[in-house]
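Biologist: I should like to learn how to read the features of a protein model. Could we work through an example together?

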Amino acid sequence: MSAIPQNLQAVRDSIATAAQSALRDPQSVTLLAVSKTFGPDAVLEAALAGQRAFGENYLQEAIDKMDAANAALPVVLPGQLLEWHFIGPIQSNKTRAIAERFDWVHTIEREKIAQRLSEQRPPHLRPLQVCLQINISGEASKSGALPQDALMLARAIATMPRLTLRGLMAIPEASESLAQQRTSFRQLRELSEQLQSQGIELDTLSMGMSADMQAAIAEGATIVRVGSAIFGKRDYAK
Ligand SMILES: *Cc1c(COP(=O)(O)O)cnc(C)c1O
């Protein structure tokens, strides 16, 4: 028997516990199930256990999985839809498919990519919901815009008709220390507050993964992106 339903419940419980100890409403934290390297069966199992939002990093893998999961969905869960979030690095030749297939993109770090996504977002779909990825821990991670460029990027995205800027996202350097984890997440929250004080409307902080979601929730995460705690250890060799 698969462990996905129990794992999912355990993750929901720890989100609720972390939220309560931060005096936050557990409902203010959305769980994004990161299904990369796992197949459509795993997605459908999680969906049957009540999960609706899924995160993917690799475009081709994601598209194959979405096609299979969406084809089975009307049988497994009639009338229900899944929400798909792109959370991987974006190459400019992949923007069209991302704009056509995803509901959210968390990993915008350049204006040029945002521009392409806006131009390529089909008119019959709701605007693409996007987050700016910020490089919080400096040299450790190479992805993400520099904090000092965030305001300029946010202002540029605000003018793009087919994108809705929702917030900031970061993948801080992994640390065993809760204090260090909180410092990185706090920096992202403070940057978000700074942008809001400059007139940028933001309601999302996408931060925290399996190993550090408690610290992220303590610092105000509104979306936690959790993979291995739900689906198990990833095997990239497959
Ligand atoms: C893989 C991945 C996750 C999930 O990581 P886990 O440690 O398995 O929870 C979250 N966010 C991003 C951007 C990822 O690439």
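Modeller: The discussion below takes up burial, contacts, strands, a helix and pockets in turn. Please note that this is a predicted model.

Biologist: Let us begin with a single residue. Is His-106 buried or exposed?

Modeller: A residue counts as buried when its relative accessible area is under 20%. His-106 has a relative accessibility of 0%, and therefore it is buried. His-106 belongs to strand β4, which spans residues 104-108.

Biologist: With which side chain does the side chain of His-106 make a polar contact?

Modeller: The partner is the side chain of His-85, at 2.8 Å. Leaving aside residues up to four places away in sequence, His-106 also touches a set of others, including Leu-32, Phe-86, Cys-131, Met-169, Ser-206 and Arg-225.

Biologist: How does Arg-101 compare, and where is it placed?

Modeller: Arg-101 lies in helix α4, residues 95-101. Its relative accessible area is 28%, which is why it is classed as partly exposed. Residues that Arg-101 touches, again not counting those up to four places away in sequence, are Ile-63, Met-66, Asp-67, Asn-70 and Trp-84. The C-alpha atoms of Arg-101 and Arg-12 are 27 Å apart, and 89 residues separate the two along the chain.

Biologist: How should one read a strand, and how many residues of β5 are buried?

Modeller: One looks at the two faces of the strand and at its partners. In β5 (residues 128-133), six of the six residues are buried, so the strand is largely enclosed by the rest of the structure. Leu-128, Val-130 and Leu-132 are on one side, and Gln-129, Cys-131 and Gln-133 are on the other. As for partners, β4 and β5 run parallel and are joined by three bridges. Trp-104 stands opposite Gln-129 of β5.

Biologist: Which residues of strand β2 point one way, and which the other way?

Modeller: In β2 (residues 53-56), Ala-53 and Gly-55 point one way, while Phe-54 and Glu-56 point the other way; all are buried. β2 pairs with β1 in the parallel sense over two bridges, and Val-34 stands opposite Gly-55.

Biologist: May we turn to a helix? Which residues of α2 are buried?

Modeller: An α-helix has 3.6 residues a turn, so residues three or four places apart point the same way. In α2 (residues 40-48), the buried residues are Ala-42, Val-43, Leu-44, Ala-46 and Ala-47. Among the elements that cover them are α1, β2, α3 (59-76), β3 (83-86) and α9 (228-231). Just after α2, Gly-50 adopts a positive phi of about 105°.

Biologist: Finally, how is a pocket found, and which residues lie nearest the centre of the largest pocket?

Modeller: Rolling a probe the size of a water molecule over the atoms shows where empty space is left. The largest pocket holds about 430 Å³. Its lining has 22 residues, and those nearest its centre are Ile-171, Met-209, Ser-210, Asp-212 and Arg-234. By class, that lining comprises ten nonpolar, seven polar and five charged residues.

Biologist: What lines the second largest pocket?

Modeller: The second largest pocket has a volume of about 250 Å³. Its lining includes Arg-12, Ile-15, Pro-26, Thr-30, Gly-50 and Ala-53. Two or more lining residues come from each of α1 (4-21) and β1 (30-34), and α1 gives the largest share, three residues. This lining has six nonpolar, four polar and two charged residues.

Technical notes: Residues are numbered from 1 along each chain as its sequence is written. This is a predicted model: local features need pLDDT of at least 70, side-chain atom pairs count only at pLDDT 80 or more; totals for chains, interfaces and linings use all residues. Side-chain values use heavy atoms; hydrogens and water are left out. Helices (H or I, at least four residues) and strands (E, at least two) are DSSP runs, numbered from the N terminus. Buried means under 20% relative accessible area, exposed over 50%, partly exposed in between (1.4 Å probe, protein chains only). A polar contact is a pair of N or O atoms within 3.5 Å; within protein, one must be able to donate a hydrogen and the other to accept it, and residues adjacent in sequence count only if both atoms are side-chain atoms. Contact means heavy atoms within 4.5 Å. On a 1 Å grid over the protein atoms alone, a cavity is a set of points where a 1.4 Å probe fits but cannot get out, and a pocket is an open set with protein on both sides within 12 Å along at least five of seven lines; lining residues have an atom within 4 Å of a point. Grid points are joined across faces, edges and corners, and a volume is the space filled by probe spheres set on the points. Ala, Val, Leu, Ile, Met, Phe, Trp, Tyr, Cys and Pro count as nonpolar, Asp, Glu, Lys and Arg as charged, and the others, Gly among them, as polar. Two strands pair if DSSP finds at least two bridges between them.
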